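Biologist: I have the sequence and the fold open. Walk me through the sheet and what packs around it.

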Amino acid sequence: MIDATLKNANILIVDDQQANIDVLTGLLDAKGFMSYTSTIDPRQAVSLFEEFKPDLLLLDLNMPYLNGFEVMIQLKDVIPANTYFPILVLTADITTESKQKALMGGASDFLTKPFDLVEVDLRIKNLLKVRYLHYQLENQNQILDERVKERTKELEQTNIE
């Protein structure tokens, strides 16, 4: 079983093949993940991202209307700067060019279909762990910033007195 934080992660799946979505949601169910949504229409990816606020995106590359590369380009406009948002590309495209283009375009990891479900599960968990470590680091930095501001204010007040 996975730890409670990861179990509650929001996962978005964008793949034009319902069979692939069914395999992935079956895996997520079996591994105890509780919050996920999916679409077979990549044109919905950005609106689902904004509504669902996922912690991870599972993304196909070869889809009608918009391919995975175009989805990643659109997401760059809505993902806040300096935010670590993991994208796991799951594709039948085995070319080195596609792999490199995906990784340069924002993908955090890349797996080819047919995929090994154990490997998919492990990579999902690893990407989510990194995402949550980034959250913790951001929170600690905010706490430290607030402490520095409070301490600076106290020192300025003491100097005035």
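Biologist: In which sense do β1 and β3 pair, and over how many bridges?
Modeller: This is a predicted model. Strands of a sheet can pair either parallel or antiparallel. For β1 and β3, the pairing is in the parallel sense, over 4 bridges.

Biologist: Which residue in β3 does Val 14 stand opposite?
Modeller: Val 14 lies in the range of β1, 10-14. Across from Val 14, in β3, stands Leu 59.

Biologist: What is the strand order of the open sheet?
Modeller: The open sheet has 5 strands with parallel pairing. Its edge strands, each pairing on one side only, are β2 (35-39) and β5 (109-112). Neighbouring strands are turned by 15° against each other on average, direction ignored. The order is β2-β1-β3-β4-β5.

Biologist: At about what angle to β5 does helix α5 run?
Modeller: Helix α5 covers residues 96-104. The helix lies across β4 and β5. Its angle to β5 is about 150°.

Biologist: Which residues have the most contacts inside the largest nonpolar core?
Modeller: That core has 22 residues. β1, α3 (45-52), β3 (56-59), α4 (68-76) and β4 (87-91) each supply at least two of them. The residues with the most contacts inside the core are Leu 57, Leu 59 and Met 72.

Biologist: Which residues does Met 72 touch, not counting those up to four places away in sequence?
Modeller: Met 72 falls within the range of α4, 68-76. With sequence neighbours up to four places away left out, Met 72 touches Leu 59, Leu 61, Ile 87, Ala 102, Gly 105, Gly 106 and Ala 107.

How values were computed. Residues numbered from 1 in each chain as written. Predicted model: local features only at pLDDT ≥ 70, side-chain atom pairs only at ≥ 80, totals over all residues. Heavy atoms only, no water. Core = buried A, V, L, I, M, F, W, Y, C linked by side-chain atoms within 4.5 Å. Buried < 20%, exposed > 50% of the residue type's maximum accessible area, 1.4 Å probe, protein only. Helix = DSSP H or I, 4+ residues; strand = E, 2+ residues; numbered from the N terminus. Contact = heavy atoms within 4.5 Å. Pairing = 2+ DSSP bridges. Axes fitted to C-alpha atoms, helices over the stretch in contact; angles between N-to-C directions.
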